[in-house]
Each structure stands twice: as C-alpha cells, then as structure tokens.
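Good morning, and thank you for making time for this presentation. Please have the sequence and the structure before you as I speak.

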Amino acid sequence: MSRERPRDPWRLALGRFAHNRAAMAGLFVLIVVTVAALGVEWISPYGVAEQDLARARQAPSWDHPFGTDAVGRDLFTRTLHGGRISLLVGVVATFVSIVIGVTWGLVAGWNGGRVDELMMRFVDLLYGLPFLFFVVLLVAWFGQSLVLLFVALGAVQWLTTSRIVRAETQRLRGEEFVIAARSIGVPTPMILLRHVLPNLLGPVLVVATLTVPTVMLEEAFLSFLGLGVQPPMASWGSLASEGAAALNPVDSMWWWIVFPGALFSLTLLALNFVGDGLRDAFDPKTVRK
Amino acid sequence: MTGYLVRRIAGTIPLLLAIVVVSFLFMRLAPGGPFDTDRAFDPQVRANLEARYGLDEPLLAQLGTYVGGLLQGDLGPSFKYVGWSVNEIIAQGAPVSLTLGASALLIALMVGIPLGVIAALYHNRWGDHLATGIALVGVCVPNFVLGPVLVLIFVFGMGLLPVGGWGSPAQVILPAVTLGAVRAAYIARLARAGMLDVLQQDYVRTARAKGLRESMVIFRHALRIAMLPVVQYLGPAIASILVGSVVVERIFDLPGLGSFFINAALNRDYTLAMGSVLLYSTLLIFLNLIADLLAHRLDPRTAR
C-alpha cells in the first residue's frame, strides 16, 4: 500500500485557506496579538505591576500609549498581559470542550441505536439550559480558580462539538474503507484511531476555532462581574469592568474601557474570520455566497 | 400540531425537574453557608437560625420541602434579606428585567431582519458590503464594551440621554440597544443567508415567472421561509439576552433580577440565587417552546 495519496485533502484545504484574504488577515492579526501578549516583557519598558502614583490616571501619551490606571500602572502593558489570560482561558477551555465533545459524539455516533438515541437526547436537553447561570454559582460558591474556570467553561461548550462529531462518525461508519477495516477484523479502537479520528480533524478544527471566541466572551462576562480571574491578575473582561466602573460625567477615563475593549473586539473578529475561512476551506460546499 | 405540542410540553417536564434537583444540590453542597460571617455566631443563635430555615433536617427532607413549596409557587424565604420572601424580591426585579429583555429582542429583530434582507437584495453590491460589515463588527463587540462606549458618546459626549436609573422610556433606550445590538448583528447575518438561499429556490422563480411584482415575491413568497433560520435562532438569542441582561443591568445600575442574582450568588443567599436560576430556566424553556411552535407554523416540515 502506498502511503502517498494523490490529492491530500489537507493540502487542498490549506490552499483554499491561503487564498481567503479575510481569513489570512484574521490570522495575521491573531499572530500579532498573541506574540505581543506573550512577549509583553520585551515590548514594554514597564512591569505589569509597576506602580507610579505620580503618573496615575494619565490620558494616552507617547510614554503610555493606552494611558495609565488608578495607581499609575501602564495600561498598554496591562492590556497585553490581560490578553494573555483571555487567550489562555479561551484555548484551554476550548480544549476541554473538544475532549468532552469528541468523546461523546464518537461513542454516540459509532454505537448508534439506543445508546445514540439516549446520548443525543441528553445533549438536546442540555441545549435548552442557561448554563452560564450555573457557572456563575459554581465559581461564586466553589472558589474562583483558573482551573475551575477552564473546566466549567469547557464543560458548557461541548454540545455543538458532540453533535458535529456524532454526525461525522455516523457517516464515516458507513464508508467503504471503514467497512473494509472491520471486515478484516481490525479492532474497534484501532479503527477509531486510524480511520475515524483523522477524518474528524477538519470539522473539529473548525468548531474549535469558532468555540474559542465564545469561551473568551464567557470568561470576560464572568470577569466583568468580578467572578473570573482575580486581581492582581487581569483579563480583558476585568479590565473592561474597571473601565465601566470608572465611568462618570466629570472625568470618565475613556481609555480604560476603549483600549482593552478594542483589542478584545479585534481579536474576536480575527478569530471569527479564521474560523469562517477554515470552514469554507474544509467544506467547499458551504462557501458563503 | 396538537400531538406535537403535547410531546413538546411533556418533554419540558423532566428538564424542569432536573434543573430543580441540580439547583438544590448546588445549594447544599457549596462549601460555606449563608450564616458564615466575619464574626462567628453564638452556636445557639446559629442553631436557631438553621432550624428557622430548615437547614438542620436531612437533605432529602429539605429537597422535599423545597419541591413542595415550588409546586405551590413558593420559592422560600430569602437568607439575606430578612423578612423578605424570594417571591417578593423577584416580583420587584422581574418587571425591570423583562422590559429590558423584551425591548432588546424587539430592537434585535427590527434592526436585524431589515438589515439582512436589504443585504441579500443588494447581493454583492455596496449595500450588501455595508450591511455585512456592520453585522460582522456588531457580532464582535461584547455588550460590556458597547454599553460604556455608548454612554461615553450619547450621555457624556452629546448629553442626549440620561445617565442611568430606571423609570422613563428614555432610560430604557441605551440599555436595550446595548443588549440587543449583538443579537441584531447575528440576526442580520442569518436573515441575509436565509434570504439568499430562498431567492434561488424554484418557487421564487415560478412566482417571478408568473409576473408577480417583486415586492409581492419578496414579502409573500420569500420572506416567510427566509425567516426560518431567524426564528430557529430565537431560542439561543433569548438565552443570550437573559445572560447579557445581568451585565447590562450592572453597567447601567438597573434594579433588575440580574443584580439580585449576582448579589445573591456572591452573598450565598442560596434560595434567592436558586429562585432566580429557576425563573431564568423556566422562562427560557417556555420561550424556546414558543419559538419552535412559530418555526413549525412557518414551515410544517420542521416539526419532528
């Protein structure tokens, strides 16, 4: 058997992705934001906790492009630092949701029948629940740690993944190459690992990219309410919360809300572009008109 | 239709039951109690308090009492607002939240649908690009950023609207726009996609071939089916409006259910927090049901 495939679907997809200008722009923005967030120590001359009370509440200037906060910390530094937390929560919680969703969908789709019926009914049931309210109670009552945040947000977001994976698995189960593998007695775990999972990679990658912004929004929602990351740590949500709390007609400190908010929105936009681009690349039939 | 309705209503019962049980376990398993304060209570006082709220009984008996109360529409006494029942507190906050949520949904639909339909009718011309662009940006600006920015512009910048508070219609505008904007953007995208899809269908071509006026084709034949994705999205939209209202009420300092809920969560006012979650859940399940029935009316093929 030759390992070379004539038209590798991954290369085709990547080729389509590379020709999508919006998606490439999104990817570029995403890379810039990520690199800046990770390398903030080298970009900014200020430490994230470095206070300078003499320069508190300053409007944006050449020294402080995003201005300074109530205790004179550089907001540019804090915003990039906050991005680190927001992106981290987004990626890790999405990973958690993918692990749950893929497992669930795989088991349901592969087994079919009553198991499938029961498992997917359960997913249908959960779809109608306002989970975020339970997450609020969870973090309010069981302690506010990053790990709990990862798990809780991940555990809320796996439903869509499981539906997609289940449908794909069901389809793959009837494919000739899977039937062939079963007929020569390949053990089920091997079939799943070798033949099913690799074919799920594309759709899962697309859902994952679109889950990240959702999770980031939910983290920001919790942090905005004071239930997410705790000071001195900051995320885009908690920075926006400080900005919103400082709004007053006399001296509104507009830069507290505008800069973290703008960077957050820009990142969400970029993620959506990349997600849409990946979807179009992997499934050319659904290309938007 | 009746069979479908009965099946759907029957389906919500186990869901509601599950919510009640999970909520109750949440309440009781959470570490720390409502009477943990900085200064420790005298043990006797504490015991009396716990007896007063039935916390000294076995867990199952407590669940029984709680469910029994729920069946009579009683959500129990608040742990923190002494002398108030959860029902009374919710009755205070709910009208504010409902007004806000309903206005937001109305704005989302009234802005989103026309925007999407116009975009589809001007497919790939500048009207389309403008509408899609607005919708795309709208999706990505979270409400807790949009709200303060709107306040900066319209309240502090131009002085057009009042700062906060609740009571007059002018005070509803900003919170409702903040809450509805993201949904409007999303609905616009759905409406555009739905419309584009329908305009290519055979029956639309037939309608045009019959020589019907274009407005007739759009409004009588196309719109009905094109709105199906929007109607199906109503459930999630309502969910996100309910969640978003918590944030918006905080930004604009509104005395709604969301503020009570967050305070209850932070203060471990178990009965009030659970009462709010139950109300949110019931509302969502009920509204989801209505949205599904609406979709069913528009296109009978959607009923399973």
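I begin with a definition: the expected span of a helix is 1.5 Å times one less than its number of residues. Helices here are DSSP runs of H or I with at least four residues, strands are runs of E with at least two, and both are numbered from the N terminus. This is a predicted model, in which local features need pLDDT of at least 70 and side-chain atom pairs count only at pLDDT 80 or more, while totals for chains, interfaces and linings use all residues. Residues are numbered from 1 along each chain as its sequence is written, and chains are lettered from A and ligands numbered from 1 in the order in which they are written.

Consider first chain B, which has 12 helices and zero strands. Its C-alpha trace spans about 85 × 55 × 30 Å along the principal axes. Of its 304 residues, 38% are buried; a residue counts as buried with 20 or more other C-beta atoms within 10 Å of its own, as exposed with 12 or fewer, and as partly exposed in between, the C-beta atoms being placed from the backbone.

How far apart are the end C-alpha atoms of helix α9 of chain B? They are only 15 Å apart, although a straight helix of 13 residues would reach 18 Å. α9(B), residues 214–226, bends by about 25° at R220(B), where the bend is the angle between axes fitted to the seven residues ending there and the seven starting there. Within α9(B), I218(B), A222(B) and A226(B) are buried. Their cover includes α7 (170–199) and α8 (202–209) of chain B, and contact here requires C-beta atoms, placed from the backbone, within 7 Å.

I turn now to the two chains together. Chain A gives 33 residues to the contact and chain B gives 37. On the side of chain A that touches chain B, α12(A) supplies the largest share, nine residues.

The largest nonpolar core has 149 residues, and V135(A), I187(B) and A191(B) have the most contacts inside it. Such a core is a set of buried Ala, Val, Leu, Ile, Met, Phe, Trp, Tyr and Cys residues joined through C-beta atoms within 7 Å. Again the largest share, 16 residues, comes from α12(A).

Finally, why is P45(A) classed as exposed? P45(A) is exposed because 10 other C-beta atoms lie within 10 Å. P45(A) sits in the loop between α3 (40–43) and α4 (75–111) of chain A.

How values were computed. Two residues are in contact if their C-beta atoms, placed from the backbone, lie within 7 Å.
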